[in-house]
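Here's a quick briefing to help you find your way around. Have a look at the model first, and then we'll go through a few spots one by one.

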Amino acid sequence: MSFSIERYKEESKKLDTAGVAWDTVAEHRLSRGDLFCLHYMMDIENHVPLYLSHLLVTRACMDPILTAFLACWNYEELWHGENLGKFLNLYGIEFDTQDRIANVRANLGFQNSVSILSTMAGSWLLKDFSAVYLSIGAINELTTLTGYGALIRKSGHPVLKDLLGRIIKDERRHFAFYFNSAKEWLSGNEKAQRVDRWMLDRVWVPVGKGVKTQEEVDALAVYLFDDEQGEEELLEVDAKIGKLPGLEGIKLMSKALYEARERMGRNPSWGQRLIDNEAWAVAPPKKSPIGALTTRRAAGD
Ligand SMILES: [Fe+2]
Ligand SMILES: [Fe+2]
């Protein structure tokens, strides 16, 4: 798996959706589980700029190759979120994308600022912190594309299959960048390997956790991966990440699935109740209405 930053810069572009059969989106039914996953995935794609804000307070901003990648990556991810939103709107679920994004962010509140500050401190205290976020980037991209593959399989929706298939191609390139960069950083650097392993074993959480609750993460994991093929795919994700120097035998995604199963064992309605109750709307924050946070004003104000 190779990656050329020069080629990526030249070729990076907005997701090409020419020929997607948008007009037939509502003709094929989706289950509540499919819809739950789509909302989750859209929210996480739309959260990328805030994730980026974390990366840019770290030593990452010193590396021009990394910042060039992030500039293009952020733009590509924007169109993943936009197109998932468009798909849901065309399916018949009404929401205003901008309001939804603003609500998701506003609901993070103080926690987001604390998280930025601790990432910043961690990065400046630990020289090898870069290895950690590069590894996490690789895991997140690989998990995301594996999740999209699982949703294609679960939903059987032809238009969704076409759209997600196109997004998966972007995610593969993102994975290649993060994986190769992490490998480069970790190769022959035992100290970095130890820091990376320690952090991943203790601090790592599945993509979306933090924006989403543990129960939402579990609902998605169990819906997409709690069958023989799904479990195998998560073990493959772990095996691929385990090829990074110092991460041999690491268990991340499979562990997350087993822990989700345990929580479900203790409370059988755990996760599934969110899907059954169609709990995918995002409530506006109790304090700080969107207008106060974004300075956007309704027409006529
Ligand atoms: Fe994406
Ligand atoms: Fe991505």
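Let's start with E278, which is partly exposed, with a relative accessible area of 40%. Keep in mind that this is a predicted model. From there we'll move on to the metal site and then to a glycine.

**The loop residue E278**
- You'll find E278 in the loop between helix 13 (272-276) and helix 14 (290-294).
- Its backbone is worth a look: phi of E278 is near 50°, a positive value in a residue that isn't glycine.

**The iron site**
- Which residues hold the iron ion (ligand 2)? The protein donors are E77 (OE), E141 (OE, listed twice), E171 (OE) and H174 (ND1), and they sit 1.9 to 2.8 Å from the ion.
- Along the sequence, the donor residues of this iron ion (ligand 2) follow the spacing E-x63-E-x29-E-x2-H.
- There's a partner too: the iron ion (ligand 1) is 3.7 Å from the iron ion (ligand 2), and E77 coordinates both.
- E77 belongs to helix 4 (residues 64-91) and E171 to helix 8 (residues 158-186), so the pair ties together parts that are 94 residues apart in sequence.
- Buried or exposed, what are E77 and E171? Both are buried.

**The glycine G33**
- G33 is part of helix 2 (residues 32-46).
- With a relative accessibility of 3%, G33 counts as buried, because buried means under 20%.
- Leaving out residues up to four places away in sequence, G33 touches Y223 and I275.
- G33 and S155 are 122 residues apart along the chain, yet their C-alpha atoms are separated by 8.8 Å.

Key:
Residues are numbered from 1 along each chain as its sequence is written. Chains are lettered from A and ligands numbered from 1 in the order in which they are written. This is a predicted model: local features need pLDDT of at least 70, side-chain atom pairs count only at pLDDT 80 or more; totals for chains, interfaces and linings use all residues. Side-chain values use heavy atoms; hydrogens and water are left out. Helices (H or I, at least four residues) and strands (E, at least two) are DSSP runs, numbered from the N terminus. Buried means under 20% relative accessible area, exposed over 50%, partly exposed in between (1.4 Å probe, protein chains only). Contact means heavy atoms within 4.5 Å. Donors are N, O and S atoms within 2.8 Å of the metal (3.2 Å for Na, K and Ca); water is not among the atoms, so sites may look incomplete.
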